[in-house]
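Me: I have a model open and want to test the labels attached to it. Take me through the reasoning behind each one.

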Amino acid sequence: MLWEIPVAIGMAIIGEAIASYMGAGPTVTTGIVALAAYIGPRGAEVLLTKWLVRTKP
């Protein structure tokens, strides 16, 4: 469980960056950070891969 703390912090930073890029307000930012922390790095990888394959010419 202790090894998951750095992952959660990293996903929070990524979520905050995404929210900042989108110009989201504080409430939406909290939701984006929570979603990023929930799906984790593996979930983010799967979503990104599916999106890249779908948008590939």
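Reply: Start with the helix pair in this predicted model. The axes of α1 (residues 4-22) and α2 come within 8 Å and cross at roughly 125 degrees.

Me: Why are α1 and α2 called oblique to each other?

Reply: Roughly perpendicular covers 65 to 115 degrees, and roughly antiparallel needs over 145. The crossing angle is roughly 125 degrees. That value fits neither class, so α1 and α2 are oblique. The crossing of α1 past α2 is right-handed.

Me: Which residues of α1 meet α2?

Reply: Val7, Met11, Ala12, Gly15, Glu16, Ile18, Ala19 and Met22. Their counterparts in α2 are Thr29, Ile32, Val33, Ala36, Ala37, Gly40, Pro41 and Ala44. By type, the contact residues divide into 12 nonpolar, 3 polar and 1 charged.

Me: What makes Arg42 and Glu45 a salt bridge?

Reply: The cut-off is 4 Å between a side-chain nitrogen of Lys or Arg and a carboxyl oxygen of Asp or Glu. The closest N and O atoms of Arg42 and Glu45 are 3.2 Å apart. The pair therefore qualifies. A search of the whole structure finds 1 salt bridge.

Me: Where do Arg42 and Glu45 lie?

Reply: Both are in helix α2 (residues 26-55). They are 3 residues apart, about one turn of the helix.

Me: How do you know that Arg42 is exposed?

Reply: Exposed means over 50% relative accessible area. Arg42 has 55%, so the label holds.

Me: And why is Glu45 called partly exposed?

Reply: Buried is under 20% and exposed is over 50%. Glu45 has a relative accessible area of 44%, in between, so partly exposed is the label.

Key. Residues numbered from 1 in each chain as written. Predicted model: local features only at pLDDT ≥ 70, side-chain atom pairs only at ≥ 80, totals over all residues. Heavy atoms only, no water. Helix = DSSP H or I, 4+ residues; strand = E, 2+ residues; numbered from the N terminus. Buried < 20%, exposed > 50% of the residue type's maximum accessible area, 1.4 Å probe, protein only. Axes fitted to C-alpha atoms, helices over the stretch in contact; angles between N-to-C directions. Parallel < 35°, antiparallel > 145°, perpendicular 65-115°, else oblique. Left-handed = near helix turned anticlockwise from the far one by under 90°. Contact = heavy atoms within 4.5 Å. Nonpolar A, V, L, I, M, F, W, Y, C, P; charged D, E, K, R; others polar.
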